[in-house]
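Colleague: I should be grateful for a close look at a single part of this model, the surroundings of the ligand. Which residues are the closest to the ligand, and which elements supply the shell around it?

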Amino acid sequence: MPVISAPHAFNEGRLFVDLQSIFGRSLYLKCEGFNFAGSIKLKAAAEMVETAERDGVLKPDSILVESSSGNLGVALSMIAASKGYRFLCVTDSRCNLSTRLLMEALGSEVHILSDLDANGGFLGARIDYVRGLCASDERYVWLSQYTNPGNWRAHYRKTAPEIAREFPRLDVLFIGAGTTGTLMGCARYFRERHRPVQIIAVDSVGSVAFGGKPGRRMIPGLGMSMRPPLLDESFVDEVIWVEEADTIRACHRLARRGFLFGGSTGTVVSGAMDWLTRHDTRGLTAVAIAPDLGERYLDTIYQANWLQDLYGDHVFDAAEVPAASRVIKPVPRAPGRRPKP
Ligand SMILES: Cc1ncc(COP(=O)(O)O)c(C=O)c1O
């Protein structure tokens with residue numbers, strides 16, 4: 001029975017979902033959403049804060065500041081609340097409403113930027129804003145998830161060993177790439193142990209992380225509008241780019257079977273299934289990482305109007321859209337008539 005006294009002391013690291021019955025191909029999905037921050041970012045946040053404390057960078061009057069599309073912000077909010085630090089999250093208009101409310105509920109301040117940078121993202125503007133804050137008051141401490149080695153080290157120390165322990169004969173690992181902390185930590189772990197595991201990075205179309213063309217991206221988590229400073233491509237065997245429409249289809253296909261995952265999980269699963277379809281996978285053991293769950297995306301990925309406005313009607317064929325979401329006009333009911341039970 002786990003008993004904890006700090007919220008970051010618990011993380012479920014041993015849960016995998018076998019997607020064979022949903023997609024017709026064996027893929028074990030490692031679920032990272034079962035902790036009090038609700039995402040894989042808890043690991044990076046805890047590692048970076050603990051290192052900053054050990055190095056004497058964080059002092060009792062420090063104000064943590066970070067640029068985040070949401071999940072790291074929630075994780076840092078939780079840790080800051082638990083340890084008694086103030087935290088300011090700099091995010092942008094793509095951050096889900098529920099994610100912002102979560103951070104505020106945990107006592108954090110949230111600044112939302114809405115100016116796109118030259119690559120069609122918000123990252124450049126967010127980083128400039130954080131730099132400005134740090135220059136204005138020396139109490140600000142920026143952990144900088146984009147450059148902090150604690151980000152990838154968290155996955156080297158935790159995520160990768162959790163996978164290796166359960167799958168000693170792993171052949172291929174699919175990892176979504178944002179800051180590339182998860183990707184680099186896992187890739188380094190398997191490479192250093194000379195394990196013949198193929199490391200497949202999954203990025204979204206419109207991200208420039210691996211040299212793709214910049215474009216509109218509406219789903220937070222994966223993709224970058226700059227080259228990730230942590231990325232060393234020599235550790236990556238292949239990169240797959242996934243269209244947001246395919247991300248959404250994968251998310252809804254999982255949801256239809258009762259598994260409500262976040263957007264980046266849809267991206268990784270879609271890319272992995274595509275890869276598995278193109279290769280001879282007989283006897284192959286494949287794992288993918290699901291960074292979070294779906295509740296934070298109820299007003300975006302799982303909301304019919306949001307989907308229709310951004311991606312048009314073609315994002316689903318009729319069979320894939322739940323009946324309730326397809327009802328556009330309410331059915332008029334005759335006055336005084338009660339619906340049949
Ligand atoms: C939902 C989600 N998926 C994937 C990622 C990417 O992880 P990483 O930054 O380790 O590449 C993030 C990062 O914020 C995320 O929030």
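Modeller: I shall begin with the shell and then follow its helices to the sheets on which they lie.

This is a predicted model, in which local features need pLDDT of at least 70, side-chain atom pairs count only at pLDDT 80 or more, and totals for chains, interfaces and linings use all residues. Residues are numbered from 1 along each chain as its sequence is written.

The ligand is surrounded by 19 residues (C-beta atom, placed from the backbone, within 6 Å). Asn-71, Gly-178, Gly-221, Ser-264 and Pro-291 are the closest of these. Two elements, helix 3 (71-83) and helix 7 (181-192), each give two or more residues to this shell. The largest contribution, three residues, is that of helix 7.

These two helices belong to a protein with 11 helices (DSSP runs of H or I, at least four residues) and 10 strands (runs of E, at least two), numbered from the N terminus. Of its 341 residues, 44% are buried (20 or more other C-beta atoms within 10 Å of their own). The C-alpha atoms of the protein fill a box of roughly 70 × 55 × 50 Å along the principal axes.

Let us take helix 7 and its sheet. Six strands form an open sheet in the order 1-2-10-7-8-9, and their pairing (at least two DSSP bridges between two strands) is mixed. Strand 1 (16-18) and strand 9 (238-242) are the edge strands of this sheet, pairing on one side only. On average, neighbouring strands here are turned by 25 degrees against each other, direction ignored (axes are lines fitted to C-alpha atoms). Helix 7 packs on this sheet, where it touches strand 7 (172-176), strand 8 and strand 10 (286-290) (contact: C-beta atoms within 7 Å). The direction of helix 7 makes about 160 degrees with that of strand 7 (on a scale from 0 to 180 degrees, N to C).

Strand 8, one of the strands touched by helix 7, covers residues 198-204 and has partners in both strand 7 and strand 9. Strands 7 and 8 run parallel and are joined by five bridges; here Val-172 has Gln-198 of strand 8 as its bridge partner. Strands 8 and 9 also pair in the parallel sense, over five bridges, and Ile-200 is partnered by Glu-238 of strand 9. Strand 8 is mostly covered, with five of its seven residues buried.

Helix 3 leads to another sheet. This open sheet has four strands in the order 5-4-3-6, and its pairing is parallel. Strand 5 (109-113) and strand 6 (140-142) each have a single partner strand, so one side of each is left without a neighbour in the sheet. The average turn between neighbouring strands of this sheet is 25 degrees, direction ignored. Helix 3 lies across strand 3 (63-67) and strand 4, and it runs at about 170 degrees to strand 4. Strand 4 (86-92) in turn pairs with strand 5 in the parallel sense over five bridges, among them one in which Cys-89 has Val-110 of strand 5 as its partner.

In summary, the two helices that give two or more residues to the shell are helix 3 and helix 7. Helix 7 packs on the sheet that includes strand 7, strand 8 and strand 10, whereas helix 3 lies across strand 3 and strand 4.

How values were computed: A residue is buried if 20 or more other C-beta atoms lie within 10 Å of its own, exposed if 12 or fewer, and partly exposed in between; C-beta atoms are placed from the backbone. Two residues are in contact if their C-beta atoms, placed from the backbone, lie within 7 Å.
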